[in-house]
Every structure is written in C-alpha cells, then in structure tokens.
Amino acid sequence: MSAPAAIPTSTSVVESAVINAPLSHVWHHIKLQNFSNFWSALKASEFVKSQEETDVVKWTFNDGTELEVKQEEHSTINHFITYSVITAKPELTYTSVVSTIRLYPVTSGSHEGSTFVEWTGNFSSDADAGVIQDAKFKRRDALADLAKAAAKL
C-alpha cells in the first residue's frame with residue numbers, strides 16, 4: 001500500500017482584522033519582545049540577543065513550544081514588522097517561515113479612527129496543509145487578543 005498523497009496547499013497565509021483603536025494604540029504592542037503582553041498563547045517573550053542590526057526574541061508558548069524569532073525588518077514610518085523563525089523546540093516540520101504584521105490607519109467611513117491589521121506568513125514549500133491551517137487560526141486568535149489589549153490603552 002502506498003503512502004497517502006500530500007494535500008496540495010498554498011504555502012502562505014493572510015489574516016486581517018479591523019481593530020477599534022487608533023493606530024498608535026495598536027502599534028505600541030507590535031514589538032517581538034512584547035507579544036506575550038497581548039497574545040494569550042504566549043507564556044513569555046524575551047530578548048535572546050539584541051544587536052546593532054537585528055534582534056532575536058524567544059517566544060515560549062503555553063504548550064511548551066519555544067521559538068526564536070529574528071526581526072528581519074521594522075518600520076516605524078510604514079508601521080510594519082517582518083520576522084522569521086530561526087530555531088524551534090520541538091523542531092518544525094517545515095524548513096522556514098517569514099511573517100509580516102502591517103498596520104494601516106482607517107481614515108474614513110464607519111471605521112474611521114480604527115486600525116486595519118494584516119498578518120501574513122510565507123512558508124517554505126515543505127509546509128503542509130496542517131501547518132497553514134494552524135498558522136491561520138493562531139493569527140486569528142492573536143489578532144483578537146491584540147484588539148482587546150489595544151482597547152485598554
């Protein structure tokens with residue numbers, strides 16, 4: 001009997017939300033070392049090393065998973081942060097992922113004064129459908145947590 005065929009899947013995920021808070025209240029939370037302050041799935045987020053060109057932060061999840069994430073790019077002008085996972089315990093089932101969180105002010109309409117947040121993830125081609133689905137739901141949960149935290153400011 002042959003092994004089951006892998007389910008073809010996109011290797012990227014995009015989740016977004018409109019958060020009912022000004023961009024400045026939401027942007028305040030978008031620092032890798034502060035994610036545990038809003039994301040309920042994280043037990044801790046702390047600097048591993050901070051260098052002139054990049055920061056590495058360790059995220060410890062409530063289930064015991066540990067990720068070291070490297071800040072690849074950060075713009076306080078364009079309000080986005082890009083990071084990659086560089087180590088994981090337990091090991092990941094895929095080779096790599098690069099994620100970006102981008103914020104936009106909502107400037108008109110019924111949501112004026114709110115913030116549109118987009119959280120993307122681009123995975124290596126060896127990521128399977130389960131990985132993509134997991135990333136989708138983790139981002140949705142984190143965005144809901146971010147909305148709660150931003151509303152408190």
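How many bridges join β4 to β5? In this predicted model, in which residues are numbered from 1 along each chain as its sequence is written, local features need pLDDT of at least 70, side-chain atom pairs count only at pLDDT 80 or more, and totals for chains, interfaces and linings use all residues. Side-chain values use heavy atoms, with hydrogens and water left out. The strands β4 and β5 run antiparallel and are joined by 9 bridges; two strands count as paired if DSSP finds at least two bridges between them.

The protein contains 2 helices and 7 strands. Both kinds of element are DSSP runs numbered from the N terminus, a helix being H or I over at least four residues and a strand being E over at least two. Read from the N terminus, their order is β-α-β-β-β-β-β-β-α. Taken along the principal axes, the box filled by the C-alpha atoms is roughly 60 × 35 × 25 Å. The radius of gyration is 16 Å, which agrees with the value near 15 Å of a compact globule with 153 residues. This radius is taken over C-alpha atoms, and the globule rule is 2.2 Å times the number of residues to the power 0.38.

Within the pair of β4 and β5, Glu73 stands opposite Thr82 in β5. The two strands form a hairpin with 4 residues between them, and His79 in the turn has a positive phi of about 55°. Strand β4 also pairs with β3, in the antiparallel sense, over 5 bridges. Here Val57 has Val69 in β4 as its bridge partner. The hairpin of β3 and β4 has 4 residues between the strands, and Gly64 in this hairpin takes a positive phi near 95°.

Strand β7 (residues 115-123) is joined to β1 (residues 12-19) by 8 bridges, and these two strands run antiparallel. Strand β6 (residues 97-105) also runs antiparallel to β7, with 9 bridges between them. Thr120 in β7 stands opposite Val14 and is also the bridge partner of Thr100. Glu118 lies in β7 as well. Its C-alpha atom is separated by 4.3 Å from that of Ser16, although the two residues are 102 apart along the chain. Leaving aside neighbours within four places in sequence, Glu118 is in contact (heavy atoms within 4.5 Å) with Val14, Glu15, Ser16, Thr100, Ile101 and Arg102. Glu118 is partly exposed, with a relative accessible area of 25%. On this scale, buried means under 20% relative accessible area, exposed over 50% and partly exposed in between, with a 1.4 Å probe and protein chains only.

Buried residues make up 39% of the 153 residues. A nonpolar core is a set of buried Ala, Val, Leu, Ile, Met, Phe, Trp, Tyr and Cys residues joined through side-chain atoms within 4.5 Å. The largest such core has 37 residues, and those with the most contacts inside it are Phe35, Trp39, Trp59, Ile101 and Phe123. At least two residues of this core come from each of β1, α1 (23-27), β3, β4 (66-75), β5, β6, β7 and α2 (129-151). Helix α2 supplies the largest share, 8 residues.

Aromatic rings were also examined. Rings of Phe, Tyr and Trp (its six-membered ring) pair if their centres lie within 6.5 Å; planes under 30 degrees apart count as stacked, over 60 as edge-to-face and the rest as tilted. The count by this rule is 10 aromatic pairs. In one of them, Trp59 and Tyr83 are edge-to-face, at 5.3 Å centre to centre and 65° between the planes. Trp59 lies in strand β3 (residues 55-61) and Tyr83 in strand β5 (residues 80-89), so this pair ties together parts that are 24 residues apart in sequence. Both Trp59 and Tyr83 are buried. The ring centres of Tyr94 and Phe123 are 5.2 Å apart and their planes are at 75°, so this pair is edge-to-face. Tyr94 lies in the loop between β5 and β6 and Phe123 in strand β7, so parts 29 residues apart in sequence are tied together. Tyr94 and Phe123 are both buried. One aromatic cluster is formed by Phe35, Phe38, Trp39, Trp59, Phe61, Tyr83 and Trp119.
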